[in-house]
Amino acid sequence: MTGGRRPMADLSHEVEQAARTLAGIWNHAHEALGTRVSPSQLHALNIVERHEQINLNGLAAELGAIPSSASRLCDRLQAAGLLARQVNAKNRREVVLVLTRDGRELLAEVTRNRRTALATILSGVSPAGRRALLTGLAEFNDAAASADADAEQLA
């Protein structure tokens with residue numbers, strides 16, 4: 001270390017390790033659901049939740065899938081009562097995907113599982129460490145958003 005700062009390679013390694021831990025927490029939260037939904041179905045539900053409603057082509061694009069595959073995934077989610085297809089109120093020719101009450105409850109359960117696991121881990125971090133973590137995460141998110149905006153401008 002020089003000047004009290006970690007070399008970028010060490011910092012990248014530590015962030016990667018933390019990301020692996022977070023991925024493990026996310027996976028464990030999903031596993032707690034049992035076999036109710038697959039990871040790809042959960043991903044689709046999260047996308048629909050983020051948009052509140054989205055058409056099939058938009059969902060397929062975000063999933064990186066072809067529309068027919070996304071449609072089959074939605075068929076399974078609809079059969080499970082987690083997703084509904086509705087006519088778009090603004091454009092009656094378009095069908096949009098929305099979460100059902102059960103779909104929202106399932107995502108809320110996953111969120112509760114994640115937050116409980118995170119709270120358990122964070123309880124072992126000092127108050128100063130938690131404040132530093134929040135500051136660092138806010139800056140990380142800002143830098144990521146800036147990098148995304150720069151990439152979009154170059155496209």
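Biologist: Which residues make the nonpolar surface patch?
Modeller: In this predicted model, Met 8, Leu 11, Val 15 and Phe 140 form a nonpolar surface patch of about 400 Å².

Biologist: Which helix gives the largest share of the nonpolar patch?
Modeller: Helix α1, residues 8-31, provides 3 residues, the largest share of that patch.

Biologist: And where does Phe 140 lie?
Modeller: Phe 140 belongs to helix α6, which covers residues 127-154. Its relative accessible area is 48%, so Phe 140 is classed as partly exposed.

Biologist: Let us turn to pockets. How much space lies in the largest pocket?
Modeller: The largest pocket holds about 820 Å³ of space. It is lined by 22 residues, and those closest to its centre are Ala 18, Ala 19, Leu 22, Leu 133 and Leu 137.

Biologist: Which helices supply at least two residues each to that lining?
Modeller: Helices α1, α5 (101-122) and α6 each do so. Helix α6 gives the most to the lining, with 10 residues.

Biologist: How do the lining residues divide into nonpolar, polar and charged?
Modeller: The lining of the largest pocket has 15 nonpolar residues, 4 polar and 3 charged.

Biologist: Now the charges. How many salt bridges does a search of the whole structure find?
Modeller: The search finds 6 salt bridges. One of them joins the side chains of Glu 109 and Arg 36, with an N to O distance of 2.8 Å.

Biologist: Which parts does the pair of Glu 109 and Arg 36 tie together?
Modeller: Glu 109 is in helix α5, whereas Arg 36 is in the loop between α1 and α2 (39-51), so the salt bridge ties together parts 73 residues apart in sequence.

Biologist: Are Glu 109 and Arg 36 buried or exposed?
Modeller: Each falls in between. Glu 109 is partly exposed, at 22% relative accessible area, and Arg 36 is also partly exposed, at 47%.

Biologist: What is Arg 101 linked to in a network of salt bridges?
Modeller: Arg 101 is linked with Asp 102 and Glu 105 in that network. The closest N and O atoms are 3.7 Å apart for Asp 102 and Arg 101, and 3.0 Å apart for Glu 105 and Arg 101.

Biologist: How far apart in helix α5 are Glu 105 and Arg 101?
Modeller: Glu 105 and Arg 101 are 4 residues apart in helix α5, about one turn of the helix.

Biologist: And what is the accessibility of the three residues in this network?
Modeller: Arg 101 is exposed, with a relative accessible area of 52%. Asp 102 counts as partly exposed at 35%, and Glu 105 counts as partly exposed at 42%.

Definitions and conventions:
Residues are numbered from 1 along each chain as its sequence is written. This is a predicted model: local features need pLDDT of at least 70, side-chain atom pairs count only at pLDDT 80 or more; totals for chains, interfaces and linings use all residues. Side-chain values use heavy atoms; hydrogens and water are left out. Patches are made of residues with over 30% relative accessible area and no salt bridge: like charges are joined within 9 Å, nonpolar side chains (Val, Leu, Ile, Met, Phe, Trp, Tyr) within 5 Å. Accessible areas come from the Shrake-Rupley method with a 1.4 Å probe; for residues, only the protein chains shown count as cover. A salt bridge is a side-chain nitrogen of Lys or Arg within 4 Å of a carboxyl oxygen of Asp or Glu. Buried means under 20% relative accessible area, exposed over 50%, partly exposed in between (1.4 Å probe, protein chains only). On a 1 Å grid over the protein atoms alone, a cavity is a set of points where a 1.4 Å probe fits but cannot get out, and a pocket is an open set with protein on both sides within 12 Å along at least five of seven lines; lining residues have an atom within 4 Å of a point. Grid points are joined across faces, edges and corners, and a volume is the space filled by probe spheres set on the points. Ala, Val, Leu, Ile, Met, Phe, Trp, Tyr, Cys and Pro count as nonpolar, Asp, Glu, Lys and Arg as charged, and the others, Gly among them, as polar.
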